[in-house]
Every structure is written in structure tokens, then in C-alpha cells.
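Here are my notes on the charged pairs, since you asked for something to read alongside the coordinates. I've kept them short and in numbered points.

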Amino acid sequence: MPNCCPRSTNRAYRAPAAHAQGRFSMWRSVSKRLHGLTQRQHGLISKVCVQQLCSSSSEFTDGCFDGLYTGHIPTTPVQRALLAVGSGVAALHDPYRHDMVAVLGETTGHLALLNLRDRMRNDPEGHTILTERPRIRLSTLDLTAMTSLPEGSFGREYLRFLEDNHVTPDSRADVRFVDNEELAYVMQRYREVHDLLHTLLGMPTNMLGEVAVKWFEAAQTGLPMCALGAVLGPLRLSTSRLQTLFTSLGPWALQNGRRARCVLSVFYERRWEQNLEDLRQELNIEPPPVIPSASKQRSS
């Protein structure tokens, strides 16, 4: 949160100027090429594949539901590939298409989910989460109690994040295309923890903040969806924000994502009263070197 995350003057996270400038120039070149693609090409590919998604959903929901978990839609390898391509193109065209981003994560994340599941199993707190299967929804949050928590506590700062950014945990889509009940929960937990990571990392929900969180998540989870967002998200940033990403926020996010404790193995619902800075230290996460302004910037 911007109000609770002190600025750091530590230069350990700042890439060398020449190296950063080189990466910056590369991204601007790639951005120009991608913008050479017409809107029509994006729309045609995504439309075909999304139609396949809808027809597959209807077919399997009506005739082949195998009951792995509520809402599960089994798919063949070919269908998963089509869904991955279609959702990937749609998400590239509009990163705010959360439904397409969700499908992309489910159809490409099997190996990463296995690794995350094993990390949770090997952590006492993570193992408890896998056993009890908590959900982060408005119906499970005691908003009155969280409002009364002291300033600087994790629960109070998370509630402030929701209020300031006009978001709700109920907006996270349910998992449908993961063909393993336990892995489906791991994916669901990842989605519901995402806003908590914004709070832990002090990042707003504008494009720069989202990209910084994606860089952290890519290093932390290994999910291809996160890596794709980390690579393509910068293409939609302005020049000044791209410089901020490559010279400070990006290196900081990658370093902290690699060394932090598994963020899915934390029972956040039992940590609301804990001081945010204390929780960061426990998870080995340092405050951000710079806090982006909260304005929603989506242009390139």
C-alpha cells in the first residue's frame, strides 16, 4: 500500500544504466512491431478459439461432466491447445480480459501447479491450507473486525487496498479446466492470493503495478501465464513507466520473487492482525524501491 510502504534508497535493485537502457530500447522496438499487427488479426484469431472454448464448455457440461469438482470441464489435449492459443491471443490484445487470462493459466500451468503443490505439502502452514481449503471471499471476511484493526496491520492494509482500488475478492473466476482436484485448488488459491500480494508488495492496480506483481509471481510460481504477462505487459507501458520498471521495480520484483517464501503457503486469514512490515520480513520481502502512482495507465 502506498501509505504504509516506505520508500527505499537501497540501490541493490537498480540495474546498471547502460544495461537497462539496452533492454528499454529492445522493448520499444518489439512494441512497435507488435503494434503493426492489425486489430482485425487479433480479433479473428481470438474469436475462432473462444468460440471453440464456448462450444467445448457446452458439450462437456451437458454430456461428459466427471465430477472432479464443481464447475470442472474436462478437455482433450487438442482442446486445451486451442484454448491456450485463443485465450493467449485475447489476453495479449486486452490484458484486462480476466476471463481469458484465467483460461490461459489453467491450460498451460500443469507442471508449475505440481511444483507449487509440492512446495505447499512440504511446508507445515501450506499443508494445513491444502487440508482445510480456505477461500478468500467477501463471505469469509469479517469486514467489521478488519476495519477495527490497527493501522499498519496486514488486514487493515488489505482492506484499504480493496477500498482504494475498488476491487473485490469475489471477482476471481472459479477454476474450470484443471483436470486434478487438488491442483485446481492450488490455482484457485493463487488467484485469491493475488490481491494480497499487491498489499504485501505495495503495488497499485494500474498497469505498472500489475506488471511488477507479475514479475514477482513469474519468479515465485513459474506459471507460464505469469511469465507471459511479465514479458508482454511492458509493451503497454509509457516511456517513463518502462524506464521505472527496468531500472528499479523489475529487478526488485524478480529478486524478491526468487528468494521469498512460497506465498501460497501462508495462511493469510490467520495473519490479519500481524503488522505488515513484520509479515514482509518473515516472508523475506523487502519494501519497493519506488511506489507507482495509483492512476490507471493503459496506453503504450
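1. Let me start with Arg271, which sits in the loop between helix 12 (239–259) and helix 13 (276–283). Bear in mind throughout that this is a predicted model. Despite its charge, Arg271 is buried, with a relative accessible area of 12%; that label applies because the cut-off for buried is under 20%.

2. What does Arg271 touch, once neighbours within four places in sequence are set aside? The contacts are Glu125, Phe154, Arg261, Val266, Leu279 and Glu282. Two of those names, Glu125 and Glu282, turn up again in a network of salt bridges that also takes in Asp123, Arg261 and Arg271 itself. Side chains of opposite charge can pair when their charged atoms come close.

3. Stepping back, how many salt bridges does a search of the whole structure find? The count is 23. I'll go through three individual pairs below.

4. Arg80 and Asp179 meet through their side chains in a salt bridge, at 3.2 Å from N to O. This one joins distant parts of the chain: Arg80 belongs to helix 3 (residues 77–93), while Asp179 lies in the loop between helix 8 (154–165) and helix 9 (181–201), and the two are 99 residues apart. Buried or exposed? Neither end is fully one or the other: Arg80 is partly exposed at 24% relative accessibility, and Asp179 is also partly exposed, at 38%.

5. Next, Arg135 pairs with Asp174 in a salt bridge whose closest N and O atoms are 3.5 Å apart. Again distant parts of the chain are linked, with Arg135 in the loop between helix 6 (124–132) and helix 7 (143–147), Asp174 in the loop between helix 8 and helix 9, and their positions 39 residues apart. Arg135 has a relative accessible area of 29%, so it counts as partly exposed. Asp174, at 46%, is partly exposed too, because exposed would take over 50%.

6. The third pair is Arg172 with Asp195, where the closest N and O atoms of the salt bridge are 2.8 Å apart. Arg172 is in the loop between helix 8 and helix 9, and Asp195 is in helix 9 itself, 23 residues away, which still links distant parts of the chain. Asp195 is buried, at 4% relative accessibility.

7. If you only have time to look at two spots, I'd pick the network around buried Arg271 and the salt bridge from Arg172 to buried Asp195.

Key: Residues numbered from 1 in each chain as written. Predicted model: local features only at pLDDT ≥ 70, side-chain atom pairs only at ≥ 80, totals over all residues. Heavy atoms only, no water. Salt bridge = Lys/Arg side-chain N within 4 Å of Asp/Glu carboxyl O. Helix = DSSP H or I, 4+ residues; strand = E, 2+ residues; numbered from the N terminus. Buried < 20%, exposed > 50% of the residue type's maximum accessible area, 1.4 Å probe, protein only. Contact = heavy atoms within 4.5 Å.
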